Amino acid sequence: MTLDCDVAVVGAGPAGSRTARNLARAGLRVRLLEEHRRVGVPSHCSGLISLRTLREAEIGDDAIIHRITGAFIHTENGGEAALGGGATRAVAIDRVRWDETLSEQAQAAGADLVRARLTSAQHENGHVRLHTQTDGRNSSFTARIVVGADGAHSRVARSLGMAGPSERVYCLGIEGKLTTPREDFVHVFVGSELAPGWFGWIIPTGDGGVRAGIGSQNGAKPIACYQRMTQMFPRLFDGIESCRLYGGTIPLDFAPRSYDDNVLLVGDAAGQVKPFSGGGIYTGLVAGRHASAAILRAFERDDVSATGLAPYERTWKREIGRELLRSLRIRRFGLALSDGEVERVVAALQSEGLQQLAARHGDIDYPSRVLLRLARSLPALSLLAWVTLRRPGAAWNLARAHLPFAA
């Protein structure tokens, strides 16, 4: 039977477009499905990435709109610490242009961009049939492999019987205008009443622009959390002009399995997201690189079964799995602390020794590296001992973050 394409990639975000580009470059027939009329619209992302992510994307500096050198951390009880400064630590990007550029790279390599919404998918005689809808018209086509790059609520995963990530955070984002104390510093807001299970943020984007927002768990509504945050920090939020509001869901743990017969999951669909910050662009690009390599090997061996695609999970976990698991355990350590203990941690970050460590080793893609160094440093040892006596369960999560990770 002649199939309509070799690989269907569902979702033209960074992970999907990168996977499609690599496969098309290698000569496979690739269809890249995008349900929205314009790639990247609407954006559901704060658009803060590392310089490493720029290199991984192979885009250049065109999408950069602002550079960030440090961060202010605020607690709901008034504590504050400043970290970084000096060198560029991260950049804010035009996320729509970023996604469009990655999609254009895929199309230039030979992938066909299809404007359609996936409604369902099913296994059929050793391949996959995908049912789609465009402007109310239904159609279907066949592919030997489907790549689910369609987000935290992946329809690919649900249609083909694959479980997704179990832990999620629900977020509200605001694009607007606001004067901030320093345009090169982001603001991070923490507290169990302020943002249960997550945090709030302000990211300057240059020329008085900002992206602000907040996330929450435990049923707390993000809009109520955002209103509370603006009331708690009037000095920082007074005068904000909201131009656009958007919502989003962030998965915080791995999907039980990122592969099956004829299918791979990449990006948010697989839970390949940094659980300490919610960032998924870098990890999605890395996963796309590994997904395309695994698919090409499967085609070479004529084996697109779960066994033939299993190397994908081993390789992406070997590169980023340890960091994601470490960060998840450090996050659980932080969630177990009381607000008073969080205040003590933030106060400790003002010490010169911890400031120097943070400045030297800070890395938004691999935050566990600096966080574990901070935990082992002399200025933090007395605080860590105090927390261990009060919160042995929390300390155990921190200890587990040092354990080896089997890919």
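Trainee: Which residue stands opposite I49 in strand 7?
Mentor: Keep in mind that this is a predicted model. Strand 3 and strand 7 (residues 90-93) pair in the antiparallel sense over two bridges. Across from I49, in strand 7, stands V91.

Trainee: What is the strand order of the open sheet of three strands?
Mentor: Strands of a sheet pair through backbone hydrogen bonds, either parallel or antiparallel. In this open sheet of three strands, the pairing is antiparallel. The order is 3-7-4.

Trainee: Which strands stand at the edges, each with a single partner strand?
Mentor: Take the order, 3-7-4. An edge strand here has a single partner, so one of its sides is left without a neighbour in the sheet. That describes strand 3 (48-49) and strand 4 (64-68).

Trainee: Where is S46 found, and is it buried or partly exposed?
Mentor: S46 is in the loop between strand 2 (30-34) and strand 3. Its relative accessibility is 23%. Buried needs under 20%, so S46 counts as partly exposed.

Trainee: Which residues does S46 touch, not counting residues up to four places away in sequence?
Mentor: R257 is 211 residues from S46 along the chain, and their C-alpha atoms are separated by 27 Å. Leave out residues up to four places away in sequence, and S46 touches W201, I203, R211 and Y246.

Trainee: How many disulfides does a search of the whole structure find?
Mentor: The search of the whole structure finds zero. Take C45, which is in no disulfide. The nearest cysteine sulfur to that of C45 belongs to C171, 11 Å away. A disulfide needs sulfur atoms within 2.5 Å, and the total number found is zero.

Trainee: Why is the sulfur of C225 not bonded to the closest cysteine sulfur?
Mentor: C225 is buried, at a relative accessible area of 1%. C45 also counts as buried, at 18% relative accessibility. For C225, the closest cysteine sulfur is in C171, and the distance is too far for a bond, at 10 Å.

Trainee: Turning to the rings, how is the pair of F189 and F233 classed, and why?
Mentor: The structure holds eight aromatic pairs. In the pair of F189 and F233, the ring centres are 4.8 Å apart. The planes stand at 55°, so the pair is tilted.

Trainee: How many residues apart are F189 and F233?
Mentor: F189 lies in strand 13 (residues 185-190). F233 lies in the loop between helix 5 (222-232) and helix 6 (234-237). Both F189 and F233 are buried. The pair links distant parts of the chain, with a separation of 44 residues.

Trainee: How is the pair of F254 and W316 classed?
Mentor: The ring centres of F254 and W316 are 5.3 Å apart. Their planes are at 90°, over the 60 degrees required. The pair is therefore edge-to-face.

Trainee: Which is buried, F254 or W316?
Mentor: F254 sits in the loop between strand 16 (241-251) and strand 17 (259-260), and W316 in helix 9 (residues 311-335). F254 has a relative accessible area of 21%, so it is partly exposed. At 1%, the buried residue is W316.

Trainee: Which residues do ring pairs link into a cluster?
Mentor: F189 and F233 are both buried. Ring pairs join these two with others into a cluster. The members are F189, Y226, F233 and F237.

Trainee: What is the distance of R369 from the ring centre of Y366?
Mentor: R144 has its charged end over the ring of F299, 5.2 Å from the centre. R369 lies over the face of Y366. Its distance from the ring centre is 4.0 Å.

Methods. Residues numbered from 1 in each chain as written. Predicted model: local features only at pLDDT ≥ 70, side-chain atom pairs only at ≥ 80, totals over all residues. Heavy atoms only, no water. Phe/Tyr/Trp six-rings, centres within 6.5 Å; stacked < 30°, edge-to-face > 60°. Helix = DSSP H or I, 4+ residues; strand = E, 2+ residues; numbered from the N terminus. Buried < 20%, exposed > 50% of the residue type's maximum accessible area, 1.4 Å probe, protein only. Lys NZ or Arg CZ within 6 Å of the ring centre and 35° of its normal. Pairing = 2+ DSSP bridges. Contact = heavy atoms within 4.5 Å.
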